[in-house]
Amino acid sequence: MLPSHVSLVVAGGGPAGFMAAITAAEVTIAAGGTPAVLVLEATPEPLHKVLISGGGRCNVTHACWDPLALVGYYPRGGRALRGPFSRFATTETVAWFERRGLALVEEPDGRLFPRSQRSASVVDTLRREAARLGVTLHTSEALQAAVALAGGGFELRLRSGALLRADRLLLATGSHPSGHRLAVGLGHTVVPPVPSLFTLRLADHPLAALAGVVMDPAGLELTLAGSASRRQRQSGPLLITHWGLSGPTVLRLTAFAARDLKQAGYRGELRVDWSGGRSQLQLQELFGQLRRDQARKQLANARPWPELSRRLWLHLLDRLGVDGELRWADLGRRPQEALIEALRASRYPVSGRGPFGEEFVTAGGIALGEVNLATMESRRQSGLYLAGEILDVDGVTGGFNFQHCWSSGWLAGQAIAAAGP
Ligand SMILES: Cc1cc2nc3c(=O)[nH]c(=O)nc-3n(C[C@H](O)[C@H](O)[C@H](O)COP(=O)(O)OP(=O)(O)OC[C@H]3O[C@@H](n4cnc5c(N)ncnc54)[C@H](O)[C@@H]3O)c2cc1C
């Protein structure tokens with residue numbers, strides 16, 4: 001049975017909604033009150049994305065402890081998140097879960113996972129905590145319409161037809177269009193959603209035979225069709241796949257360029273620096289040294305440096321028509337210059353979007369300027385709060401998207417509890 005009146009309705013049983021509901025209930029109890037918090041989840045399974053996240057392990061957050069550095073991982077949000085992260089960021093997230101018996105462990109690349117290596121432990125922790133604090137959870141029940149009442153509060157209509165009143169309403173519906181519709185109905189605008197964090201397809205995939213090769217670091221520079229000035233650069237590990245290019249660096253590149261890529265029809269040119277950032281002069285000196293020190297060795301059998309993938313080196317020789325059986329001593333000036341150019345700046349035409357990485361998020365959502373980021377309360381409608389992916393905030397891959405959910409959910413919960421009954 002649904003109550004007819006609650007103090008807080010949270011629409012959306014995802015990580016942002018759960019964090020907000022738990023925090024609001026906990027702070028209310030600590031202040032001597034009795035929370036009446038209801039979470040509505042449209043599907044039968046709350047926290048579904050948490051369960052499937054991180055390949056079933058849930059990358060809860062990222063070991064970036066400085067809030068000022070953390071904002072650099074959010075293509076949408078960025079500096080506006082300085083305030084929220086100065087109050088609740090990675091340090092607080094780790095402590096929050098640890099206090100509830102969930103230890104997180106750091107991987108070499110900075111990603112933090114539950115020690116159990118199971119996303120179900122994160123789901124269990126959140127559900128157990130919500131139940132302990134008396135948060136009511138209704139699954140398979142969606143919020144369909146919300147009307148702000150003249151004297152404050154909201155009248156809500158649910159998918160089942162049920163009506164109820166809430167003093168405060170939190171929209172934490174992720175990127176689902178129903179949440180956007182509800183927010184628009186309450187005076188908000190939606191920055192149109194576009195995909196983020198995807199891989200890139202290459203036209204006629206010139207590197208297809210190298211599928212599986214990883215180069216770290218590789219430097220990427222993306223120039224989009226129709227605009228030479230819209231360039232994006234990233235550097236880090238790059239994975240060649242049978243459809244194009246993938247790996248954390250490509251995901252970061254597509255996250256920062258998400259809107260421009262969409263506008264350019266996902267077409268452009270990618271310049272790849274395979275040289276590990278070596279300058280032209282450094283490469284010329286290195287080649288000179290190789291011609292002296294490895295004079296009798298064939299090019300195919302002595303690649304310029306050990307970290308350069310042998311398969312990639314052979315491919316570059318082949319592409320430039322340089323005979324691999326040639327000895328280093330016999331490498332002429334012209335082929336040398338062509339090889340150096342290919343190592344520093346090979347150009348590949350991008351023909352479209354490839355499959356998504358492990359994380360899938362959308363760029364876009366409720367415009368940030370319409371929300372008070374200290375409380376997550378709407379600037380358009382008093383008593384309305386927004387948290388998580390419904391907002392025009394998204395992070396690169398690595399736990400940053402959940403971090404924003406924990407931060408915005410916690411801030412909303414604190415503010416809702418502080419606002420009182
Ligand atoms: C496969 C995958 C793996 C990912 N892995 C990671 C990762 O490891 N680390 C990371 O940081 N991020 C990861 N992400 C991104 C992360 O899952 C999202 O950023 C995050 O779940 C957003 O949380 P949210 O609470 O805002 O929304 P959601 O998790 O989308 O939750 C919103 C909930 O609201 C419900 N809902 C929608 N409309 C209504 C309505 N009208 N009424 C009631 N309920 C409604 C939905 O059913 C949903 O359960 C991953 C995403 C995917 C898809």
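Two strands pair if DSSP finds at least two bridges between them. The views below show a predicted model.

**View 1. Strands β8 and β9 pair in the antiparallel sense.** The pairing runs over 4 bridges. Strand β9 covers residues 163-171. Leu-156 in β8 stands opposite Leu-164 in β9. The two strands form a hairpin, with 4 residues between them. In the turn, Gly-161 has a positive phi of about 100 degrees.

**View 2. Strand β7 runs antiparallel to β8.** Here 5 bridges join residues 143-148 of β7 to residues 154-158 of β8. Ala-145 faces a partner across the pair: Arg-157 in β8 stands opposite. This hairpin has 5 residues between its strands. Gly-152 takes a positive phi near 105 degrees.

**View 3. A shell of 37 residues surrounds the ligand.** Gly-12, Gly-14, Ser-53, Gly-174 and Gly-388 are the closest. The shell divides into 15 nonpolar, 17 polar and 5 charged residues. Several elements each supply at least two of its residues, among them α1 (15-30), α7 (177-185) and β15 (346-366). Helices α2 (48-52) and α13 (400-419) do so too.

**View 4. The largest nonpolar core has 112 residues.** Val-10, Ala-20, Ala-21, Leu-170 and Leu-386 touch the most other members. Helix α13 gives the most to this core, with 10 residues. Domain 1 (5-189 + 367-419) and domain 2 (198-357) each provide at least three residues.

**View 5. Ala-20 has contacts beyond its neighbours within four places in sequence.** Val-10, Leu-170 and Ala-172 are among them. So are Ala-387, Gly-409, Ala-412 and Gly-413.

Definitions and conventions. Residues are numbered from 1 along each chain as its sequence is written. This is a predicted model: local features need pLDDT of at least 70, side-chain atom pairs count only at pLDDT 80 or more; totals for chains, interfaces and linings use all residues. A residue is near a molecule or strand if its C-beta atom, placed from the backbone, lies within 6 Å of it. Ala, Val, Leu, Ile, Met, Phe, Trp, Tyr, Cys and Pro count as nonpolar, Asp, Glu, Lys and Arg as charged, and the others, Gly among them, as polar. A nonpolar core is a set of buried Ala, Val, Leu, Ile, Met, Phe, Trp, Tyr and Cys residues joined through C-beta atoms within 7 Å. A residue is buried if 20 or more other C-beta atoms lie within 10 Å of its own, exposed if 12 or fewer, and partly exposed in between; C-beta atoms are placed from the backbone. Domain bounds come from an automatic or database domain assignment. Two residues are in contact if their C-beta atoms, placed from the backbone, lie within 7 Å.
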